[in-house]
Amino acid sequence: MRTLLAAMAALGVLLLGIAPAASAATLAEGESGSGETYTIATDTTFAPFEFRDSSGNLTGIDIDIMEAIAEDQGFEVEWQSLGFNAALQAVQSGQADGVIAGMGITDERAEIFDFSEPYFTGTLTLATTEANAEEIAGWEDLGGKTLAVKTGSLSEEEAKAQQEEYGFEITSLDQTTTMVESVKSGSADALMDDYPIIAYGVEQGSGLVTIGEEIPTGDYGFAVNKGQNAELLQKFDAGLAELQESGEYDEIVGTYLGGEDDGVDKSSFWGLIVTALPALLSGLGNTLLVTGISFALAMILGLAFGFMKIASNPVLRGIAVTFISIFRGTPILVWAFFFYFGLPQLIGTPVNIWVAGVMTLTFNGAAYIAEIVRGAVQSVDPGQAEASRSLGLGHGKTMQRVVLPQAFKMMTPSLINQLVIMLKDSSLLLAIGFAELLYQAQQIYAANFRVTEVLLIAALLYFIAITALTQLANYVDRKVNK
């Protein structure tokens, strides 16, 4: 998930040259008289360093450290949650002043960025299920077993270095969540990944336990563009020293790695519901709202193009056929990416994610509704229209009083079905970062690795919403067409 979101965000930064927040440090003129405001880029889902909490707010070790330093040093922070790769590009392009995203300090990166003093030392750890932990306590117990690692990561390099000595098999996967599910399902016996990520997942009830000794991998640092924002870097170092001296740094880290108990047993299914439901309900609300707006607009466009397709004017028919063919003949995801990432290039201004989402669902839905309208109108017995005209009614009155009432009764079930389809299609908007129900579910299980349980809760919410919506639509149908 992290890789997918990073790639999509990077597309927006690199190809479009836009970012959702202002660039460069600016003077804040607020009533509080605070100092400068710096734009800080960060990742999207890299718990416990940066992720969304149950209320959908950006939080994590990195976020809390930067906010605490900002308060100590008297400046404000404006966050850009872009994804790791896009966050780096935002700093390089000058659209952000600095980046904090669990970023390892390496010689290669030091040629491009200036780093702060290290604020965290990264380590790798082995982990497995509680059942497997009875027979796997470390490297020496992995002989003949399968170890899951993240593709292209330090964990993969370390595993390959140890493979010959301990005789285990390696399976490389793209995401931590996939690795966790592989171990829980029995496809792998253990996994290796960054300790803070696994430790936070354990606290959230991932079902894993850490085993063996931690392996140091390097330091994390806050970074600014090479030769720029030296004052911000100095403020970060000074603020970090203050946090470490006062003990606030340890409190922040302890909050996410088991140092704070909020009274909820997060390992239980009920605990998961309590912590996850607020964000999921927020996502469900966005899902229903974007679907409702899109369906209303799609009805207007669908009716228009449906009538245009059966019009006698060849120009109108051609326009309708072209519209319907384009939007029925291309995947909805293509249009989601186009409206959010491509359209800004054509109009020279960013497109709000709600606008992009509504446009995607509206135009796709309108193409199908147009065909529903056309089919319903043409299914009315032509003899009734002829009889109506023989009685002196014109074409307009015939359509209004004879054809359309019958056509509307026939098209209503199909329209209800299209509404349900649009509600389910709204889940595809997660690809552009729209905070609908499935997006919120992914944000949650990216932090706690409880993929199956979170998706079951999300599926139940979808089922309840679709069932209720279908019953409501059927009730309206009975009242209108009785």
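This is a guided tour of a predicted model, one selection at a time.

**The whole chain**

Start with the full protein chain, coloured by secondary structure. It has 17 helices and 13 strands. Now colour by burial. Of the 482 residues in the chain, 48% are buried. Switch to a contact map if your viewer offers one. Among contacts between residues at least 6 apart in sequence, 74% join residues at least 24 apart.

**The largest nonpolar core**

Select Ile40, Ile65, Met66, Leu191, Phe222 and Phe236. These are the residues with the most contacts inside the largest nonpolar core, which has 46 residues. Add helix α2, residues 61-73. Helix α2 gives the most to this core, with seven residues.

A second core, of 40 residues, lies apart from this one. To find it, select Phe341, Leu361, Val373 and Leu429, which are among its members.

Go back to isoleucine 40 and show what surrounds it. Which residues is isoleucine 40 in contact with, leaving aside its neighbours within four places in sequence? The list is Met66, Val77, Glu78, Trp79, Gln80, Gly98, Ile100, Phe222 and Leu232. Two of these names, Met66 and Phe222, were in your core selection too.

**Strand β2 and the loop at Asn229**

Select strand β2, residues 36-42, and pick out tyrosine 38 within it. Is tyrosine 38 buried or exposed? Its relative accessibility is 2%, so tyrosine 38 counts as buried.

Draw a distance from the C-alpha of tyrosine 38 to that of asparagine 229. The two atoms are 9.8 Å apart, although 191 residues separate them along the chain.

Centre on asparagine 229. This residue lies in the loop between β13 (223-225) and α8 (230-246). Check its backbone: asparagine 229 has a positive phi of about 50°, yet it is not a glycine. With a relative accessible area of 25%, asparagine 229 is partly exposed.

**Aspartate 141**

Next, select the loop between β8 (120-129) and β9 (146-150), where aspartate 141 sits. Aspartate 141 is partly exposed, at 24% relative accessibility. Not counting residues up to four places away in sequence, aspartate 141 touches Glu135 and Ile136. Now add phenylalanine 168. Its C-alpha is 9.2 Å from that of aspartate 141, and the two residues are 27 apart in sequence.

**Helices α10 and α17**

Hide everything except α10 (residues 269-309) and α17 (residues 451-480). Their axes come within 10 Å and cross at roughly 45°. That angle makes α10 oblique to α17. The crossing is right-handed.

Turn on side chains at the contact. From α10, show Phe269, Leu272, Ile273, Leu277, Leu280, Leu281, Leu284, Thr287 and Leu288. From α17, show Glu453, Val454, Ile457, Leu461, Tyr462 and Ala465. What classes do the residues of this contact of α10 with α17 divide into? There are 13 nonpolar, one polar and one charged.

**From α10 to α13**

Stay on α10 and move along to leucine 303, which is found in this helix. Leucine 303 counts as partly exposed, at 31% relative accessibility. Beyond four places in sequence, leucine 303 is in contact with Ile369 and Val373. Val373 is also one of the residues of the core of 40. Select glutamate 371 as well. From C-alpha to C-alpha, leucine 303 and glutamate 371 are 9.1 Å apart, with their positions 68 residues apart in sequence.

**Helices α11 and α13**

Finish with α11 and α13. Select residues 314-328 for helix α11, then residues 353-379 for helix α13. At what angle do α11 and α13 pack? The angle is about 120°, with the axes 8 Å apart. The two helices are therefore oblique to each other. Their crossing is left-handed.

Show the contact residues. α11 contributes Phe323, Ile324, Phe327 and Arg328. α13 contributes Phe363, Asn364, Ala366, Ala367, Tyr368, Ala370 and Glu371. By class, the contact has eight nonpolar, one polar and two charged residues.

The last stop is threonine 322, in helix α11. Threonine 322 is partly exposed, with a relative accessible area of 45%. Draw one more distance, to alanine 367. The C-alpha atoms are separated by 9.9 Å, and the residues are 45 apart along the chain.

Conventions:
Residues are numbered from 1 along each chain as its sequence is written. This is a predicted model: local features need pLDDT of at least 70, side-chain atom pairs count only at pLDDT 80 or more; totals for chains, interfaces and linings use all residues. Side-chain values use heavy atoms; hydrogens and water are left out. A nonpolar core is a set of buried Ala, Val, Leu, Ile, Met, Phe, Trp, Tyr and Cys residues joined through side-chain atoms within 4.5 Å. Buried means under 20% relative accessible area, exposed over 50%, partly exposed in between (1.4 Å probe, protein chains only). Helices (H or I, at least four residues) and strands (E, at least two) are DSSP runs, numbered from the N terminus. Contact means heavy atoms within 4.5 Å. Axes are lines fitted to C-alpha atoms, for helices over the stretch in contact, and angles run from 0 to 180 degrees between N-to-C directions. Angles under 35 degrees count as roughly parallel, over 145 as roughly antiparallel, 65 to 115 as roughly perpendicular and the rest as oblique. A crossing is left-handed if the near helix is turned anticlockwise from the far one by less than a right angle, and right-handed if clockwise. Ala, Val, Leu, Ile, Met, Phe, Trp, Tyr, Cys and Pro count as nonpolar, Asp, Glu, Lys and Arg as charged, and the others, Gly among them, as polar.
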